[in-house]
Structures are given as structure tokens and as C-alpha cells.
Amino acid sequence: MKSRLYYVLYFLYVIVVAFVLYLNGVFTGEEISVVNLSINIGFLIVIGIVFIISSVSFGRLNRIIYDLEDAAIRLQKEYKESGGKNLWGNYKDNAKVFEENVLQEAFDKYRLRVKSAKTRRGAASSCDLGEYINEDLLDKAGMNFFNSGVSGTLTGLGILGTFLGLSMGLGAFSGDDIFSISDNVGSLLSGMKVAFHTSVYGIFFSLVFNIVYRSIMSDVYETLGEFLDVFRQTAQPAAVKEDENAATMLVYQAGMANSLKQMLELLKGNATEQTAGVERIVDKFTSQMQAALDTDFKKLGNVLKSAGESQAASAANAAQMVEAVTALVEVNRSVQEALASVMERQEAFSGELKEQKKILADACSDMSDEISSQIYTFEQMRNLYEK
């Protein structure tokens, strides 16, 4: 697995240390230059410390890869056992989903986001797990701010060793004639040995570290993408779309209008029956009492008839009110359709912005790779020129 390639750094580091000690006569019994050996050991100690710091982040990335792979396998297994049923109900309240704290904390934030967007009909807006568990999170966990500069640091150490060795050799080189010059050639060659040795293993470690680091990051990015695809397929919480919300609102408004119409028909029927009944009672009562009270009961009959007419007018007013409410429902429906159209245009605009962001990020990445390549070529040409 690519995530374990960083073990190669330790293996090569041991080989280079043994090789440097051999060249300085530690194993052969030759005369040892304490200064040269000290410089080489000092540089190798610095490189070893850098490797130890990087291995901590590589180990964390390795655990994250295993955690994401296990989660993806578990989701696929549970999804298959449930018969293709969405698994969000099993994970929305599950306290422990990941072993790594950085993944668990990001997933907890995602759950809070989903819960805060809930309504009675489902999620009000879509929310993707990739907004919380993404490449930026992995770069932070993998100390990208440190590891991205290690390759250049190792190259810089090699160049520093080159100039240091040349300075030592030239500083000890002196003489005015061929005999004194020949006596100082040994110190010059000793300094050049330091220069070439540090340059060789500095550039060598820089190349190897760059390959290992890029391989590990590509592996963790690939694993992340596979996990997100599985999660979206098996456990992504379903969101109620805006057009579904609008349709639900229209159905609700249509139901209200239907209920108001039924109430209107009921009021019309009751008003008509009550008016006819009052009129019959009035006519019968006035006919029976007319002989006794005559004029007074005529007046009473007129008053009761007026009351019946007022009740009929009241029923007509109720009908006008229902018609006004129906018109209001139609206006609300038009507003909902306009809002749905605006949301569609906003979603289309958001998609265009994401595409532009992706194009810009790819362009920046290509530019960064090209600059890195040119810097590396420049360093190689400068090393050849100095040699």
C-alpha cells in the first residue's frame, strides 16, 4: 500500500549513514577526518529529525486511510443487509462512527448541520459530507504545511553542505610555489569530499521524500473520494427539494380553498332555509293574530321580514369574503412559482461558480508544478555549473 512507503525513508537513511561512515574511514581503518565526519553526522542528524517529524504525520494519514476504508466497507455491508434502505437513521445519533478524532469531530459537525436544517417534511436544504471531511482536512491532519517544504529543505541542506565544504577546502589551501601548493592539496580535496557527499545525499533524500510524500497523499485522496461516494449512495440524508416544498404549499392552499367553498355552500343553504321558515311563521302568525291586533301585528310582520332580508345580506357578504380568500390563494400560488424559478436560477449560478473554482484550482496547481519543475531544473544547472 502506498501509505506505507514512508518506511522506505528509514531503510534508505540507514544505508546512507553506513555509506557515509564507510567513506570517512570508520569501517576501513583509514585516517579519519574528524571535521568532515562531524559535518556529515550533523547533517544526517538534521535529516533524521525531519524524517521523524514527517513520519508522525504519515502515520496519522495511514490510520485515517484505514478508518475511511473500514467505514466504507461497513456502510456497503449494512446497505446490502438493509435491502437498499438509506442508513442515515442508523448514523444520525450514533456517537462513535470513526476511530480517528479528526474524522469523528468533522462528522459530528456535519450531524449538527443536518439537524439544524430539519423541518417537519425533511431537510430544508442539501448538505454534503464533503464540506466537512475533505482534502483540506486531510492536508491539515497530514501536516501539509510542513511536509510540502521538506523536499526543498533537503535540497537546501545539500547546497549548504557544498558551499561549507568548498569554504573549508579553500580556507586551508595556501602557498606561493608548487611545493607548498602540493602540500595543501589534501585539505582542498578533503573539503571537496564534504561538499560532494552532502550534495549527493541531500538531493537524493529530497527526490525520494518527494516521491513518497506525493504517493501517500494521492492514496489518501483516492480513499477519501471512494468513501464519500459510498456515503452519498448509502447514508446521505434525503433533502426535500424546493419544488417539492412549493408543491406541498400549493396542495395545502387548494385544500383550504375547497374547505372555504364548502363552508360557503353550507352558509347559503342555512340562510335560505332560515329565511323561508321565518317568512312562513310570520305569515301564519300575522294571519291568526290580525283579527285581534290587526295593525300592530302588521308592523311586527314587517320587522321580522326585514330581519330575514338582513340575514340573507349577511350570507351574501360571507360569499364575497370566500371569493376574496380564493383570490389570495391564487396570488400566493403565483408567488411560490416565482420563488421556485428564482431558486433554480440560483442553483444554476452556484454550479457555474463551482466549475470556475475547479478550473482556477487546476490552473493554480499546474502553475505550481511548473514553477517547482523550473526551480528544480535551475538548481541542477547551478550545481553542474558550480561543480
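How do the residues of the lining of the second largest cavity divide into nonpolar, polar and charged? Hold that thought for a minute, and let me walk you round the model before we get there. One warning up front: this is a predicted model, so everything I quote is computed from it.

Okay, the overall layout. The protein chain has 11 helices and two strands. If you read from the N terminus, the order goes α-α-α-α-β-β-α-α-α-α-α-α-α. There are 387 residues in the chain, and 33% of them are buried. Now take the contacts with a separation of 6 or more: 76% of those are between residues 24 or more positions apart.

Let's look at one helix, α2. That one runs over residues 34-81, which is 48 residues, and at 1.5 Å a residue the helix should span 70 Å. In the model, the C-alpha atoms at its two ends sit 69 Å apart, so the numbers agree. Just after α2 you'll find Gly83, with a positive phi of about 75°.

Speaking of positive phi, glycine doesn't have a monopoly here. Met143 has a phi near 55°, also positive, and this is a residue other than glycine. You'll find Met143 in the loop between α5 and α6. Is Met143 buried or exposed? Buried: its relative accessible area is 16%, and the cut-off for buried is under 20%.

Right, back to the opening question. The search turns up two cavities of 30 Å³ or more. The second largest cavity holds about 40 Å³ of space. Its lining is made of Ala71, Leu75, Tyr91, Val97, Phe98, Phe107, Phe227 and Phe231. So there's your answer: eight nonpolar, no polar and no charged. The elements that put two or more residues into that lining are α2 and α9, so our helix from a moment ago is back again.

Next, the largest pocket. Its volume is about 710 Å³. Lining it are 22 residues, and the ones closest to the centre are Ser148, Ser151, Asn210, Arg214 and Ser372. Four elements give two or more residues each: α6 (144-147), α7 (150-172), α9 (185-234) and α11 (295-386). Which of the elements gives the most to this lining? That's α9, with nine residues. By class, the pocket lining comes out at seven nonpolar, 12 polar and three charged residues. Put that beside the cavity lining, which has no polar and no charged residues.

Last topic, salt bridges. A search of the whole structure finds seven, and I'll show you three of them.

Start with Arg113 and Glu131, where the closest N and O atoms are 3.3 Å apart. This pair links distant parts of the chain: Arg113 is in helix α4 (residues 101-116), while Glu131 is in the loop between β2 (122-123) and α5 (135-141), 18 residues apart. Both ends are partly exposed, Arg113 at 30% relative accessible area and Glu131 at 45%.

The next one is inside α9. Asp229 and Arg232 form a salt bridge, with 3.5 Å between the closest N and O atoms. Why can they pair up along one helix? They're three residues apart in α9, which puts about one helical turn between them. In general, an α-helix has 3.6 residues a turn, so residues three or four places apart point the same way. On accessibility, Asp229 counts as partly exposed at 47%, and Arg232 does too, at 37%.

The third bridge has the same kind of spacing. Arg333 and Glu330 meet at 3.6 Å, N to O. These two are three residues apart in helix α11, again about one helical turn. Arg333 is partly exposed at 26% relative accessibility, and Glu330 is partly exposed at 38%. Going back to the α9 pair for a second, shared partners join Asp128, Asp229 and Arg232 into one salt-bridge network.

So, what to have on screen when you open the model: the α9 helix, which gives nine residues to the largest pocket, gives residues to the lining of the second largest cavity, and carries the Asp229 and Arg232 pair. That's me done, thanks.

Definitions and conventions. Residues numbered from 1 in each chain as written. Predicted model: local features only at pLDDT ≥ 70, side-chain atom pairs only at ≥ 80, totals over all residues. Heavy atoms only, no water. 1 Å grid on protein atoms, 1.4 Å probe; cavity = no way out; pocket = protein on both sides within 12 Å on 5 of 7 lines; lining within 4 Å. Points joined across faces, edges and corners; volume = space filled by probe spheres on them. Nonpolar A, V, L, I, M, F, W, Y, C, P; charged D, E, K, R; others polar. Expected span 1.5 Å × (residues − 1). Salt bridge = Lys/Arg side-chain N within 4 Å of Asp/Glu carboxyl O. Buried < 20%, exposed > 50% of the residue type's maximum accessible area, 1.4 Å probe, protein only. Contact = heavy atoms within 4.5 Å.
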